[in-house]
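Welcome! Please open the model in your viewer and keep the selection tool at hand.

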Amino acid sequence: MKHRTLLLTLGVVAVLGGAAYANRYTLEHMVMSRMHGMGMGMGHMGGFGMDHMFKGIDTTPEEEAELRAMFEGHDKITRTVENLPNGIRTVTETTDPALRDQLVTHVIGMIDRVDQGRDPKVTIQSLTLDILFKNRALIVTEIDPTDTGIIIIQTSDDAETVAALQKHAAEVSDLAARGIISAQEAMMARHH
Ligand code: HEM
């Protein structure tokens, strides 16, 4: 009887572990196969594994895990962006409750970082964020978490800041629509 319980436990662990591995493999594999298609090898990735892409100068494992979860689940995220004369109103949602929580924590945490001027300098982050961090005192933010996601209204009286808010919102939409490929393309464009 004891033996059976052990076997069952091992079975469950193996299945869960396999699922986690498969998930991880999917994201890495998507980028690798695309890079091979572009005539690039592993060297360009700095080895197998993309965890470094989600790291910054002081990012926590939780923040990095949130980014990974959003990229892995990007096709479960829907988003609408309304450009206001002085900013943006965005609605970002998912029906996956775990992903919803990670999305909400990401947004609240990142907007808090902007408020405090604590730029994470994540490897794949957009240069548009430089302007938002520089002009943080000029941004007014409303955050409204919902059961399925989060509504953000950000406004400013400064034209450069409004343009950056709108550009960044469009970039987030592309991340949600195309996932890691979008981040990878933006990163490669920066290095040319
Ligand atoms: C699939 C990937 C991602 C999704 C779905 C996502 C989602 C969001 C959303 C919904 C917002 C609120 C502003 C808006 O709605 O436009 C936001 C803000 C922010 N995100 Fe992400 N994000 C992603 C990737 C990243 C990455 C890679 C970084 C790198 C550090 C990042 C850093 C930030 C920062 C700093 C803000 C605050 C900017 C502000 O004050 O407007 N995000 N993100």
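This tour goes from the whole chain to the ligand and then to a stretch to treat with care.

Before you select anything, note that residues are numbered from 1 along each chain as its sequence is written. The model is predicted, and local features need pLDDT of at least 70, side-chain atom pairs count only at pLDDT 80 or more, and totals for chains, interfaces and linings use all residues.

**Stop 1: the whole chain.** Select the protein chain and show it as a cartoon. You will find 6 helices and 4 strands, where helices (H or I, at least four residues) and strands (E, at least two) are DSSP runs numbered from the N terminus. Followed along the sequence, they run α-α-β-β-α-α-β-β-α-α. Of the 192 residues, 23% are buried (20 or more other C-beta atoms within 10 Å of the residue's own, all placed from the backbone).

**Stop 2: the ligand.** Now select the ligand and the 26 residues around it, meaning those whose C-beta atom, placed from the backbone, lies within 6 Å. Met-70, Thr-90, Met-110, Val-122 and Gln-125 come nearest. Next, colour α3 (97–116); this helix gives the largest share of the shell, 6 residues. Other elements supplying at least two residues each include α2 (61–72), β2 (87–93) and α5 (159–178).

**Stop 3: confidence.** Colour by pLDDT, the predictor's confidence in each residue from 0 to 100. The chain averages 86, and 77% of the residues score at least 70. Finally, select residues 41–48, where pLDDT stays under 50. Where pLDDT is low, the predicted coordinates should not be read in detail.

Key. Buried ≥ 20, exposed ≤ 12 C-beta atoms within 10 Å, placed from the backbone. Contact = placed C-beta atoms within 7 Å.
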